[in-house]
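Good morning, and thank you for making time for this presentation. Please take a moment with the sequence and the model before I begin.

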Amino acid sequence: MIKAAITAVGGYVPDFVMTNDELAKLVDTNDEWITSRTGIKERRILREPGKATSDMIVMAVEELLRKRGIGAEEIDLLIVGTITGDLIFPSAANIVCDKIGAKNAWGYDLAAACSGFIFALATGSQFIETGRYKKVVVVGVDKMSTILNYEDRTTCVIFGDGGGAVLLEPSEDDCGIQDFILKSDGSGRNYLYQPAGGSLMPPTHETIDKKLHYVQQEGQTVFKHAVVNMAEVSAEIMSKNNLQSSDITWLLPHQANKRICEATANRMGLSTDKMLMNIQRYGNTTAGTIPLLLWDYEKLFKKGDNIIISAFGGGFTWGTVWVKWAYDGSQYGK
Ligand code: UT7
């Protein structure tokens, strides 16, 4: 069977760094609370007027193309995991294909909140595995700052902007995406969501006044579901494929909360030095966290490494992907 290998990674975070101390000037919070409860020290914010999610994607995809030495016209398909596209429609993927000159590609956005990247990765891999396409770009990115209420300390401290992209190509050997388990449970939809702006509650003066276009989260409820489900599904993919903890080279957990990541590593029988983290620098970039981990740590990855990627997020949505890494990342070290 043809496997879909990740053959290049690109990423982008905005230049502006918002520290915990700066947030403490806006809301009643402090560096100690944010650090101890989440692990976050700072996050990036895209502040330039007129810049949107597609601009971050363009930066990430152009880096990926440069690294792989191919042109945008070679892309067959571009899938964007995001909940903060430039517009309600058309999709960010559509806009990006135009901006980068991907004349032969089609594309679409996939909304699965924090699981957006892994849902898109699993989806994109199918087009390679069937032999239909040779080059599929999968993106995970969010500009969370546009849907955050900077008067609500329970949400604004957590999220940030940024994301990244991977290129999927047919594997020349057995490397690539080996397996995935993905889940969703819509009964969790009101614990982490953006109430207004969709067809249920279109924008009105009242929805604006009531601040219903911002993210709302029942943190403890989401935390409890995340801890259990992300850990369970990560253990499940191991037992399903007879993987022992000693077989796993790296765990890349969605960066929502350091404590959720540690619980996942623990459930998998992994020591935390096998768990890659960058939440301290970027916060929770929703669909952006996993590709940003791949981007930041690419230089560590060696051909044949077994990487488990796991996420949990709004919806609820969650899941895990087992990737056998396909190339020596040290040549691309940041
Ligand atoms: O990425 C998608 C999935 N999302 C997640 O996985 C997030 C899951 N949830 C979490 O990570 C955690 O629930 C949070 C980080 C959001 C909150 O941490 P927590 O330990 O669950 O805190 P809490 O909500 O139980 O609040 C504890 C206290 C409360 O005060 P009282 O009632 O004990 O007086 C809050 O009002 O902390 C207070 N608080 C804050 N204090 C300072 C809440 N936010 C803040 C804040 N600064 N920013």
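I begin with Lys-41, which has a relative accessible area of 37% and therefore counts as partly exposed; the class runs between buried, under 20% relative accessible area, and exposed, over 50%, taken with a 1.4 Å probe on protein chains only. Before going further, I should state that this is a predicted model, in which local features need pLDDT of at least 70 and side-chain atom pairs count only at pLDDT 80 or more, while totals for chains, interfaces and linings use all residues. Residues are numbered from 1 along each chain as its sequence is written, and side-chain values use heavy atoms, with hydrogens and water left out.

The side chain of Lys-41 meets that of Asp-31 in a salt bridge, at 3.1 Å from N to O. By salt bridge I mean a side-chain nitrogen of Lys or Arg within 4 Å of a carboxyl oxygen of Asp or Glu. Asp-31 belongs to helix H2 (residues 31-38) and Lys-41 to the loop between H2 and strand S3 (42-44), so this pair ties together parts 10 residues apart in sequence. Here, helices (H or I, at least four residues) and strands (E, at least two) are DSSP runs, numbered from the N terminus. Asp-31 is partly exposed, at 26% relative accessibility.

How many salt bridges does the structure hold? The count is 15. Another of them joins the side chains of Glu-298 and Lys-67 at 2.7 Å, N to O. Glu-298 sits in the loop between helix H11 (289-297) and strand S12 (306-313), and Lys-67 in helix H3 (residues 53-68), so the contact ties together parts that are 231 residues apart in sequence. Are these two residues buried or exposed? Glu-298 is buried, at 1% relative accessibility, and Lys-67 also counts as buried, at 19%.

A further salt bridge pairs Glu-232 with Arg-267, again through their side chains, at 3.1 Å from N to O. This pair links distant parts of the chain, with Glu-232 in helix H8 (residues 219-240) and Arg-267 in helix H9 (residues 258-267), 35 residues apart. Glu-232 is partly exposed at 37% relative accessibility, and Arg-267 is partly exposed at 42%. Shared partners also join Glu-63, Lys-67 and Glu-298 into one network of salt bridges.

I turn now to the sheets. One is an open sheet of 5 strands with mixed pairing, in the order S1-S7-S6-S4-S5; two strands pair if DSSP finds at least two bridges between them. Its edge strands are S1 (4-12) and S5 (106-110), each of which pairs on one side only. From one strand to the next, the twist averages 20°, where axes are lines fitted to C-alpha atoms, for helices over the stretch in contact, and angles run from 0 to 180 degrees between N-to-C directions. S1 pairs with strand S7 (residues 161-170) in the antiparallel sense over 8 bridges, and Gly-10 stands opposite Ala-165 in S7.

The other open sheet I will describe has 4 strands in the order S8-S13-S12-S11, also with mixed pairing. Strands S8 (176-184) and S11 (250-253) stand at the edges with a single partner strand each, so one side of each has no neighbour in the sheet. The twist here averages 10° from one strand to the next. S12 and strand S13 (residues 317-324) pair in the antiparallel sense over 8 bridges, with Ser-310 opposite Thr-320 in S13.

Which strands does helix H5 (residues 116-129) lie across? H5 lies across S1, S4, S5, strand S6 (136-143) and S7, running at about 170° to S6. H5 also lies across S8, S12 and S13, at about 130° to S8.

Helix H4 (residues 92-100) lies across strand S4 (77-81) and S5, running at about 130° to S4. Its buried residues are Ala-92, Ala-93, Ile-95, Val-96, Cys-97 and Ile-100. Their cover includes H3, S4 and S5, contact being heavy atoms within 4.5 Å. Gly-101, with a positive phi near 80°, follows H4.

Finally, the ligand: 24 residues surround it, and the closest are Thr-29, Arg-37, Gln-220, Asn-257 and Asn-284; the criterion is a heavy atom within 4 Å. A polar side-chain atom of Thr-29 lies 2.7 Å from a nitrogen atom of the ligand, and one of Arg-259 lies 3.3 Å from a ligand oxygen atom. Thank you.

Methods
A polar contact is a pair of N or O atoms within 3.5 Å; within protein, one must be able to donate a hydrogen and the other to accept it, and residues adjacent in sequence count only if both atoms are side-chain atoms.
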